Amino acid sequence: MRHFLFYIIMCLAGVALLGCDSHVKNDGAFEVKVTLRHVHMGCDSATLVVVDDDYNMLRVLGGAKLKDSTFTFTGHTPTARLAYVDFDTDSIPYQFYFILEPTRVKIDIEARQWTINGGKGNHDYQSFLNQHARIRAQRDSLWQKYTSMGTDSTLTWDAERTALHNDSLLQDSLQRITIERINRGDLVSRLIKQRLLPTLTRESLDKIK
């Protein structure tokens, strides 16, 4: 009987320790690392700002100095929130928007591109932008072939009609996937709307909920 009671006590203690460990791992801690790769931003400090929807205002979470081409921010956030890194530069203001989540987020910024890893929201955002970029690349390739045929006098009526038809299909795809993603109404939708709203046609704008 004594051994049985000891076993029960040890099990309860184990459950309590697991609960404490889970609380530590899910206490809302975040770390954001922004690395500048082969790009000069003209600044040595940056600020992390969160969009506080509860009070409809911006709130500064902290600042960081540039060290080894990287800005590092740490803190706590109870839920996922829209945020941006504001680079303190004397030239053109630059703000990088992303989704701040209680996890590690790694942002790499280069001269003509950037990548972001960490958190489900940022993964969904990056995945959508990659899909959007692939369709844009197909349109660019189609246009290059079209202009090339026009330059070397190999463009026929049928080829022109086919090219215009395919371009229209790709454009429709870009509009459709963008509107569909914006209308989901989550944090990723807000980022996409902010970034791609100027690319939408008037007809597509009318479909935004």
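Some vocabulary before the tour: Ala, Val, Leu, Ile, Met, Phe, Trp, Tyr, Cys and Pro count as nonpolar, Asp, Glu, Lys and Arg as charged, and the others, Gly among them, as polar.

This is a predicted model: local features need pLDDT of at least 70, side-chain atom pairs count only at pLDDT 80 or more, and totals for chains, interfaces and linings use all residues. Residues are numbered from 1 along each chain as its sequence is written, and side-chain values use heavy atoms, with hydrogens and water left out.

Confidence comes next. pLDDT is the predictor's confidence in each residue, from 0 to 100. The chain's mean is 85, and 85% of its residues reach 70 or more. Residues 1-25 stay under 50, and there the model has 0 contacts (heavy atoms within 4.5 Å) beyond four places in sequence. Where pLDDT is low, the predicted coordinates should not be read in detail.

Now the pockets. A pocket, on a 1 Å grid over the protein atoms alone, is an open set of points where a 1.4 Å probe fits, with protein on both sides within 12 Å along at least five of seven lines; lining residues have an atom within 4 Å of a point. Volume is the space filled by probe spheres set on the points, and points are joined across faces, edges and corners. Helices (H or I, at least four residues) and strands (E, at least two) are DSSP runs, numbered from the N terminus.

The largest pocket holds about 290 Å³. Which element gives the largest share of its lining? That is α2, with 6 residues. β8 (114-117), α2 (120-151) and α4 (187-196) each supply at least two. The lining has 4 nonpolar, 5 polar and 3 charged residues. Among them are Trp-114, His-132 and Arg-195.

The second largest pocket has about 170 Å³. Here β6 (94-100) and α4 each give at least two lining residues, and β6 gives the largest share, 4. The split is 6 nonpolar, 2 polar and 1 charged. Trp-114 and Arg-195 are on this list too.

Last, the core. A nonpolar core is a set of buried Ala, Val, Leu, Ile, Met, Phe, Trp, Tyr and Cys residues joined through side-chain atoms within 4.5 Å. Buried means under 20% relative accessible area (1.4 Å probe, protein chains only). The largest core has 44 residues, and Phe-98 is one of those touching the most other members. Beyond four places in sequence, Phe-98 touches residues including Val-32, Leu-48 and Leu-191.

Val-49, in strand β2 (residues 45-52), is buried at 6%. Its contacts beyond four places include Leu-58 and Tyr-84.

Conventions:
Buried < 20%, exposed > 50% of the residue type's maximum accessible area, 1.4 Å probe, protein only.
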